[in-house]
Amino acid sequence: MKPSLPAKLNTGFAWVLLVVLIAPALVAIPVSLTPKTFLSFPTDELSLQYYRELFSSPEWLSSFWQSSVIGLLSTLLATSIGTLCAIGLWRVSSRAAEVVRSVLLLPLVIPPIIAAMAFSRLYVPLGLIDSYTGLILAHTVLSAPLVLITVSASLAGFDPRLEQASRNLGASNWVTMRRVIIPGIKPGILAGAVFAFISSWDEIVVTLFLSKFSVYTLPRRMWNGIRENTDPTVAAAAVVLMAVTLVAFAIWALASRRAKSAE
Amino acid sequence: MRLPVNSGWLLVLPFLLLVGGLFLGPILNVLWISVTDPALGLENYAQLGSSDTLRRILWTTLRVCLICTAFSVVLGYWIAYAMVHAKGPAQSRMLGLLLVSFWISVLVRTFSWLMLLGRNGVVNSGLESLGIISAPIPFMRNELGVLIGMVHYMVPYAVLPIFAAMQSIDGRVVQASRSLGGSGAQTFWRIYLPLTKPGLVAASLLVFIINLGFYVIPAVLGGGKVLMVAEYISVQVLVTLQWGTAAMLAAILLFGVLALMFLMSRFMKLSTVFGGART
């Protein structure tokens, strides 16, 4: 049966919508190439001066470094505890486990502004405001639920008899986990790690409340630039921020395609 | 040796302790502040009755969230419908575009909207040079700009649960309706749409919940003119240091979100909502 004209129009409109969902974000690219001294679109010529500015300014460079350190360490933590937790809940698999799971997913749905208040109230007496430790822990709490979701999805397709077989053959819990379960759910772990990294790399609201002077992540510095709305360097920063997100996303997309074709 | 409880719980423990100690505990503390700062009692909550500012903020938040949810869900339904009916490679490509937009930073989007919607932004100068308008349309520092930014951000969140619901529909139901003489429109309105209701409800609730606490887009695109709850809370905490009022608003926001979450869980599991894009 050939699709009818209305069906084709429907699909066409959906494609337009999808492109519109992405296109506006790309506006940062031409703005970042402007030769003028204020935020504007380039008219006659393009200039890379704001990328030079971005990569030579000690402030922006330190923000890159801090965002990367916080992103990578919180990803490491979130992926470890999220994966362990997913395996644990999968083994228990009872009503209680489902209740615990929905409690652990709460950081995904509770508004970040409330999380920001809660963290900042907790961190002041602990001296964790404006510290790496504070931000890494906060980002870990916010991103580990993503790992829990992706790893649980992988476990749903994992045959529990493989675990029994491994134990019957005399493998310990630890060996079973390392040699049997984890290799079987690798795609879920990788997806979780990628999403955890992106969510920390982009995080702004909680960071706004927890950082003052010494820890100033890339989104935090961009936030100032956006509020002042004058210096085109912020456009270059936006492009780089987005590029890193897209690279992380591409890693996930390629890996999941490979995993699917291996099945 | 057998442990009295399932050993799986040991693996859950690190995450549970972290969420309990760093997240849920401190949130309970915020609730506590709402009834103890500046003095023990319901003083902060009484402000809701006496302060016009607070009532206006809550009303703005509700209105913006409702409008945004309606637009996002309709557009999301459209995209999900086309995606479900697309063939293999086209479907993967559509899903790819959707997920890319899902993960593009909210800051980058907000910055781009500033460049697009400003007085001399691309949209206004484009319309002017085409002769469609004579004076720039004010998009910024008003609800229109905030809505454009928010709908644009929320559409992917609306698509995922609807897409998951549509994927689970048995295509033969639609064929049966057609072969019994139902027209395309009849089949859609009387068969297809009701079958996607769980997805629609879950999508609406999810989008509404995320909108309620939205901070970045209203704060930047609203430019102080569209004051919603999250921005007001941040001003109370960071500028005027009124923790009592901020905590009270946070408590209301929290209970609203949790109640809607509970409602949503009766239609769709949260992991299905977020994991709906597994094809």
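## A phenylalanine at the meeting of two chains

Start with B:Phe111: setting aside neighbours within four places in sequence, B:Phe111 is in contact with A:Ala28, A:Val31, A:Leu39, A:Ile226, A:Val234, A:Ala235 and A:Ala238. Keep in mind that this is a predicted model.

B:Phe111 also turns up in the largest nonpolar core, a set of 185 residues. Along with A:Met117, A:Phe119 and B:Ile233, B:Phe111 is among the residues with the most contacts inside that core. Which helix gives the most to this core? That would be α7 of chain B (residues 143–167), which puts in 16 residues. As background, nonpolar side chains in soluble globular proteins tend to be buried together.

## Chain A in outline

Chain A has 14 helices and zero strands, so to speak an unbroken run of α in its pattern along the sequence. Its C-alpha atoms fill a box of roughly 70 × 70 × 30 Å along the principal axes.

Of the 263 residues in chain A, 54% are buried. Take the contacts in chain A between residues at least 6 apart in sequence: 73% of them join residues at least 24 apart.

## Around A:Ala138

A:Ala138 sits in helix α8 of chain A. Is A:Ala138 buried or exposed? With a relative accessible area of 0%, A:Ala138 is buried, because the cut-off for buried is under 20%.

Not counting residues up to four places away in sequence, A:Ala138 touches A:Phe119, A:Tyr123, A:Val206 and A:Leu210. One of these, A:Phe119, is also on the list of residues with the most contacts inside the largest nonpolar core. There's a sequence-distant neighbour to look at as well: A:Thr207 lies 69 residues from A:Ala138 along the chain, and their C-alpha atoms are separated by 8.8 Å.

## How α4 and α5 of chain A pack

Two packed helices are described by the angle between their axes and the distance between the axes. For α4 (residues 58–92) and α5 (residues 95–104) of chain A, the angle is about 155° and the axes are 9 Å apart. Because the angle is over 145 degrees, α4(A) counts as roughly antiparallel to α5(A). The crossing of α4(A) and α5(A) is left-handed.

Which residues make the contact? From α4(A) come A:Cys85, A:Leu89 and A:Val92, and these meet A:Ala97, A:Val100, A:Arg101 and A:Leu104 of α5(A). By type, the residues of this contact are six nonpolar, no polar and one charged.

## Backbone oddities

Most residues other than glycine have a negative phi, and most peptide bonds are trans. A few spots here are worth a look on that score. The bond joining B:Asp37 and B:Pro38 is a cis peptide bond, with omega about 0°. B:Pro38 is in the loop between α1 (8–36) and α2 (43–50) of chain B.

Then there are two residues other than glycine with a positive phi. A:Asp130 has phi near 65°, and its place is in the loop between α7 (112–126) and α8 (132–156) of chain A. A:Asp130 is buried, at a relative accessible area of 15%. B:Leu241 has phi near 55° and belongs to the loop between α12 (229–238) and α13 (243–265) of chain B. Unlike A:Asp130, which is buried, B:Leu241 counts as exposed, with 59% relative accessibility.

Notes:
Residues are numbered from 1 along each chain as its sequence is written. Chains are lettered from A and ligands numbered from 1 in the order in which they are written. This is a predicted model: local features need pLDDT of at least 70, side-chain atom pairs count only at pLDDT 80 or more; totals for chains, interfaces and linings use all residues. Side-chain values use heavy atoms; hydrogens and water are left out. Axes are lines fitted to C-alpha atoms, for helices over the stretch in contact, and angles run from 0 to 180 degrees between N-to-C directions. Helices (H or I, at least four residues) and strands (E, at least two) are DSSP runs, numbered from the N terminus. Angles under 35 degrees count as roughly parallel, over 145 as roughly antiparallel, 65 to 115 as roughly perpendicular and the rest as oblique. A crossing is left-handed if the near helix is turned anticlockwise from the far one by less than a right angle, and right-handed if clockwise. Contact means heavy atoms within 4.5 Å. Ala, Val, Leu, Ile, Met, Phe, Trp, Tyr, Cys and Pro count as nonpolar, Asp, Glu, Lys and Arg as charged, and the others, Gly among them, as polar. A nonpolar core is a set of buried Ala, Val, Leu, Ile, Met, Phe, Trp, Tyr and Cys residues joined through side-chain atoms within 4.5 Å. Buried means under 20% relative accessible area, exposed over 50%, partly exposed in between (1.4 Å probe, protein chains only).
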